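Me: Please take one part of this model and go through it closely, from how well it is covered to what it pairs with and touches. I would like one connected account, with the cut-off behind each term given where the term comes up.

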Amino acid sequence: MSIDQVSLGNTGLTVSELSLGTWRFGRRLVDGTERYDEEGIVETDEERAYELLDAYAEAGGNFIDTADKYGDGRAEEWIGNWLEGRDRRDFVIATKIYRPRRENDPNARGLNRRHLRNQIDTCLDRLDTDYIDLLYCHRYDDDTPAEEFMRTLNGLVESEKVNYLGISSGKPDAWKIAKANEIARRNGYEPFTVTQPRYSLVDREIDPNYLPMCRDYDLGVVTWSPLAWGFLTGKHQRGDVGHDDSTAIEDSRFAERYLTDENFDALDVLLEVAEEVDATPAQVALAWQLHHPDITAPIIGASTVEQLRENLDASAVSLSDEQFERLSEAKTVSLG
Ligand SMILES: NC(=O)c1ccc[n+]([C@@H]2O[C@H](COP(=O)([O-])OP(=O)(O)OC[C@H]3O[C@@H](n4cnc5c(N)ncnc54)[C@H](OP(=O)(O)O)[C@@H]3O)[C@@H](O)[C@H]2O)c1
């Protein structure tokens, strides 16, 4: 197994075409809701986190995705601990800032200058590193002028704490990213060169406007939840409320978003193609993204080393043009 490398958008950086996600490191669920500082189900504990990082690195992976918020800081800390035994230069570390640091403090959230400047040092400390390869804004901040955060982010690059800037999206807010990049261009600031939207065979909101915007700006597109929280592995069946091996089912948002008739119809197409190419549904769902001309690197979110290895083998799956088209049309979003 070896993971191919790709150029990250219009940066000079080369990364693994499958990134390793760490959202579930230290993540606690209480009654189906994500919570911090409380007892609950931990999706990926510290020992498992190191096993996943080891297996990813052994397979030649170099692109690790985290965020200040994941596991309330535990994900960054565990990556920092793990890096101690490694050569930092072998890895491209991406983290994110935006989520509230203190729930009731409006200044300890978002992309305001104070929060960005404070939080970058917290991220560097936890990751035990001098620089972040790629800093994402976890979300666009409607409450802070784009001029303010683009200028502050530019300062973080100039101070060499950060090498490249990205922005992650919950909703497909293409025009906001374009606006921020035009402000950067006008003022000679570092622009966003990478985006991180949700994208999978059944999450297609970015098709009509967001992906064309990324193409036009030549932005790297690093996609989150490429297996729709495990739905695209085929382990959930129509009419089922869940599956014993799925932690996603504990999250109250999962069934509402994913266990729909329309998605099961798309899953049928995926299962059909998987059988044709003799690969697992997860591998084909990832291979579809690897074949997609607009996608740079999906982020894998495996819960076990076995799942991780299965998913990394997606690199070896070939799809014909016809199979790629059939998968692309399994679920679509209309313009408008
Ligand atoms: N920017 C953002 O706002 C944002 C948001 C979400 C995620 N992300 C990033 O994207 C990464 C991936 O997201 P995700 O965890 O939602 O990805 P995903 O690939 O959609 O779902 C991962 C989950 O699917 C199941 N799974 C994965 N491979 C499997 C396999 N081969 N067989 C069976 N089950 C399998 C596992 O859960 P079970 O075993 O429990 O079923 C696993 O935890 C995150 O870690 C994070 O880095 C970013």
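Reply: Helix 2, residues 74-83, is a good place to begin, because seven of its ten residues are buried and it is therefore largely enclosed by the rest of the structure. Buried here means under 20% relative accessible area, exposed means over 50%, and partly exposed covers what lies in between, with a 1.4 Å probe and protein chains only. Helices (H or I, at least four residues) and strands (E, at least two) are DSSP runs numbered from the N terminus. The model is a predicted one, in which local features need pLDDT of at least 70 and side-chain atom pairs count only at pLDDT 80 or more, whereas totals for chains, interfaces and linings use all residues. Residues are numbered from 1 along each chain as its sequence is written, and side-chain values use heavy atoms, with hydrogens and water left out.

The buried residues of helix 2 are Ala75, Glu76, Trp78, Ile79, Gly80, Trp82 and Leu83. Their cover includes helix 1 (46-58), strand 7 (63-65), strand 8 and helix 3 (113-127), where contact means heavy atoms within 4.5 Å. Helix 1, one of these covering elements, lies across strand 3 (19-21) and strand 7, and runs at about 175° to strand 3; such angles run from 0 to 180 degrees between N-to-C directions, with axes fitted as lines to C-alpha atoms and, for helices, over the stretch in contact.

The two strands that help to cover helix 2 also pair with each other: strand 7 and strand 8 run in the parallel sense over three bridges, pairing being accepted when DSSP finds at least two bridges between two strands. The chain passes from strand 7 through helix 2 to strand 8, and this β-α-β crossover is right-handed, in the sense that, with the strands pointing away from the viewer, the path from the first strand over the helix to the second runs clockwise. Within this pairing, Phe63 has Val92 of strand 8 as its bridge partner, while Asp65 stands opposite Ala94 in strand 8.

Strand 8 itself is mostly covered, with six of its six residues buried. In a regular strand the side chains alternate between the two faces of the sheet. Here Val92, Ala94 and Lys96 are buried on one side of strand 8, and Ile93, Thr95 and Ile97 are buried on the other, which leaves both faces covered.

Lys96 deserves a closer look within strand 8, which comprises residues 92-97. Lys96 counts as buried because its relative accessible area is 0%. A polar atom of the Lys96 side chain lies 3.0 Å from the backbone oxygen of Thr66. Residues up to four places away in sequence aside, Lys96 touches Asp65, Thr66, Ala67, Asp68, Tyr70, Leu135, Tyr136, His138 and Gln196. Tyr136, one of these contacts, is also the bridge partner of Lys96 in strand 9.

That bridge belongs to the next pairing, in which strand 8 and strand 9 (residues 132-137) run parallel over four bridges. Strand 8, helix 3 and strand 9 again make a right-handed β-α-β unit. In the loop between strand 8 and helix 3 lies Arg101, which counts as partly exposed because its relative accessibility is 45%. Setting aside neighbours within four places in sequence, Arg101 is in contact with Ala108, His115, Gln119, Thr122 and Arg126. With Gln119, the separation between C-alpha atoms is 8.4 Å, although Arg101 and Gln119 are 18 residues apart along the chain.

Seen as a whole, strands 7, 8 and 9 belong to a closed barrel of eight strands with parallel pairing, which runs 3-7-8-9-10-11-12-13. Neighbouring strands of this sheet are turned by 30° against each other on average, with direction ignored. Further along the barrel, four bridges join strand 10 to strand 11, and these two run parallel; there the chain crosses from strand 10 through helix 5 to strand 11, once more as a right-handed β-α-β crossover. Strand 11 is likewise largely enclosed by the rest of the structure, because five of its five residues are buried.

Terms used: Polar contact = N/O pair within 3.5 Å; in protein donor to acceptor, adjacent residues only side chain to side chain.
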